[in-house]
Amino acid sequence: MFESPRRCGNILNAWSESLEELQETQPVSPVSTDNPGKKRKKKKREQQRSFSVPQLFTAASVASDPEERNRGDTDQRAETEEPIVRGIFQIEKRSCDVVLTATRVIWTQIQPETPTAGDIKASETNQDEYVELKDIFAVKLKRRRSVGQQTGGTLLGITLFQCVRKGKKLKDHAIHLSNLSVDHCEVWFKHLKDLLNGFRNRPKSLKVFVNPNSHKKEAHQIYKEQVEPLFKLADIKTDITITENKGQALSILKECKLDEYDGVVCVGGDGTASEVAYGLLLRAQMDAGRDTDSIFTPVRAPLPLGIIPAGSTDVVACSVHGIRHPVTAAMHIIMGHLQSVDVCTFSSHSRLLRFGFSAMFGFGGRTLALAEKHRWMPSNQRREFAVIKTLANLKPEDCELSFLPLTQSQKVTEGKSRNDSTKDSPPNTDDEEEWQKIKGLFLNISIMAIPCLCSMAPRGLAPNTRLDNGSMALIVVRNTSRADFIKHLKRYGSLKNQFSFSFVETYTVQAVKVRPRPWSGWGDDTLEENVEIDSKNTPMISSEGSYPWNIDGDLMEASEVCIRVHPQLITLFGVNTEEVDESTVKCSCI
């Protein structure tokens, strides 16, 4: 693992990245199979071999059904019948017969001609080991260099870097193939590089945005120590921008030449991820000539987005990676794991306000607005202070809520077309007969197109939605006592159902309209007063007619807002993980 800068630097200096340092020699000839006798002997040996998955292989386990297992062994033997190149390497201090095919590297320990009793016993359990090429992301020439030597050195062999999965984490693992022959290693290096270059989804050039002010201001350090060495190891070129202020990434994405990159990466929290995603999608609408000041059908983002988590909650990164882990996020980018994700448009009076993945109105918006006024505080203290202060002055929002439910037939249609990348967003439906309306006092309204997993909500803020099912989760918390509302919030940090309260309602929708209804007598300055108020009869309003919204951890001021979901509008580097962390995490701020 490259978890520290010192280790990363040593590893990168140990392997040459080009063939220019190799001596010009004649390449080794390909494998010869002209002798019929050898071919029959080889076929007989392969029929006696048994294949198993060693610790290095992480793709899948062997089928439990004996027929499936035998069929899998037959397929594996078939793949080894056409080797590209063959040679002898030392692996883990064992001399091995190594074969490279179009899909994997296979090695078998070579037994001595006059084996001892120990060798005979070991040969009985000897099995072919292999690693899939789809799990290898880099190959380097291994060299021994003296202190201070930057180039050249004694060639020791080849090193394969493999992506391995440990639970939800992805890490890199080095497999050393030792051989002192320069021409032998040259042939293997060339064939391996050619095969790895055939994976088209793996990026070769990335535009990287780093927000140095996110959370504990560790984003730049996280990128330099944990992510950048892996990108260099995978031969990925990067164009890095250290953002100095909010909105800089959005401005750059609106003007830069995106065709020079294979993807965009952001290092920061949810606000940074939302801004970069908004920039990619807004650029797509500009290039397509869409009028964002009227009702329009948005087009998809031109490039995939990778998110390196470096914020306080990182719900977007956790939703596509299953875990908050920078190295895992980097490995998803390097391996080219792509996942289509639904995106929401937020508009007011038919004018686009922004794109986003989730939104909170009421308690969630008021808490973020208060936290933004205390940016001078450390992030954790600021968040806890805002939660406690808002709970102390808890008041409902009086508004009219309209939503367009997702019908059962639409759910079936979405389920069948989740893997259809050419599917367009559904047309806007404004038939008033299909819209449902509810009015009253609400403590919080959440609209989420993704599960929003995070450490404080292991099941997710919206556990019943998915990344790409073309729907949103509408979670409505009606007015209730402060004690009951706190019980509801605490449920998010456990495995209990946070919606099993009479004052909580959930809907699966495709569009939502929120219309706050003005009241007189209360303004924003009331937030700063610690007075006892009857929350059941006193709603919270804004003196200026605009209300705070929490859009992916970013503050937005607006009054009447319409939210629509657009299926698979952006592609993120990650996977569609359905599993959640089973560990119970308590929120220290409640």
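A disulfide is a pair of cysteine sulfur atoms within 2.5 Å, and by this rule the count here comes to zero disulfides. Before you start clicking, note that this is a predicted model, in which local features need pLDDT of at least 70, side-chain atom pairs count only at pLDDT 80 or more, and totals for chains, interfaces and linings use all residues. Residues are numbered from 1 along each chain as its sequence is written, and side-chain values use heavy atoms, with hydrogens and water left out.

**Stop 1: the cysteines**

Select cysteine 318 and cysteine 454. The cysteine 454 sulfur is the closest cysteine sulfur to that of cysteine 318, yet the two are 6.8 Å apart, too far for a bond. Cysteine 318 is buried, with a relative accessible area of 6%; buried means under 20% relative accessible area, exposed over 50%, and partly exposed in between (1.4 Å probe, protein chains only). Now pick cysteine 399, which is also buried, at 0% relative accessibility.

**Stop 2: arginine 104 and its neighbours**

Next, show the side chains of arginine 104, tyrosine 130 and glutamate 132. Glutamate 132 belongs to strand β5 (residues 129-132); helices (H or I, at least four residues) and strands (E, at least two) are DSSP runs, numbered from the N terminus. The side chain of glutamate 132 makes a polar contact of 2.8 Å with that of arginine 104. Such a contact is a pair of N or O atoms within 3.5 Å; within protein, one must be able to donate a hydrogen and the other to accept it, and residues adjacent in sequence count only if both atoms are side-chain atoms. Glutamate 132 is buried, with a relative accessible area of 10%.

Stay with arginine 104: its charged end sits over the ring of tyrosine 130, 4.2 Å from the ring centre. A charge sits over a ring if NZ of Lys or CZ of Arg is within 6 Å of the ring centre and within 35 degrees of the ring normal. For another example, go to lysine 207, which lies over the face of phenylalanine 209 at 5.3 Å from the ring centre.

**Stop 3: helix α8**

Colour residues 270-288 to bring up helix α8. What distance separates its end C-alpha atoms? They are 27 Å apart, in agreement with the 27 Å that its 19 residues should span at 1.5 Å a residue; the expected span is 1.5 Å times one less than the number of residues. Of those 19 residues, 15 are buried, so α8 is largely enclosed by the rest of the structure. Just after α8, click on glycine 289, whose phi is positive, near 75°.

**Stop 4: aromatic pairs**

Rings of Phe, Tyr and Trp (its six-membered ring) pair if their centres lie within 6.5 Å; planes under 30 degrees apart count as stacked, over 60 as edge-to-face and the rest as tilted. The count comes to ten aromatic pairs. One of them joins phenylalanine 363 and phenylalanine 485: the ring centres are 5.1 Å apart and the planes at 75°, so this pair is edge-to-face. It links distant parts of the chain, with phenylalanine 363 in helix α11 (residues 363-372) and phenylalanine 485 in helix α14 (residues 482-491), 122 residues apart. Phenylalanine 363 is buried at 10% relative accessibility, and phenylalanine 485 is buried at 1%.

Move on to phenylalanine 403 and tyrosine 507, whose ring centres are 4.5 Å apart with planes at 35°, so the pair is tilted. Phenylalanine 403 lies in strand β16 (residues 397-405) and tyrosine 507 in strand β19 (residues 504-516), so the pair ties together parts 104 residues apart in sequence. Is each partner buried or partly exposed? Phenylalanine 403 is buried, at 1%, whereas tyrosine 507 is partly exposed, at 24%. Before leaving, select Phe361, Tyr547 and Trp549, a cluster linked by ring pairs.

**Stop 5: salt bridges**

A salt bridge is a side-chain nitrogen of Lys or Arg within 4 Å of a carboxyl oxygen of Asp or Glu, and the count comes to 20. Begin with aspartate 235 and lysine 193, which meet at 2.8 Å, N to O. Aspartate 235 is in the loop between α6 (219-233) and β10 (237-242), while lysine 193 is in helix α5 (residues 182-196), 42 residues apart.

Within α6, find glutamate 228 and lysine 224, about one helical turn apart; the closest N and O atoms of their salt bridge are 3.3 Å apart. Glutamate 228 is buried at 12%, and lysine 224 is partly exposed at 37%.

Finish with arginine 478 and glutamate 505, joined by a salt bridge of 2.6 Å, N to O. Arginine 478 is in strand β18 (residues 472-478) and glutamate 505 in strand β19, 27 residues apart. For a last selection, take Glu400, Lys439, Arg515 and Glu560, joined into one network by salt bridges that share partners.
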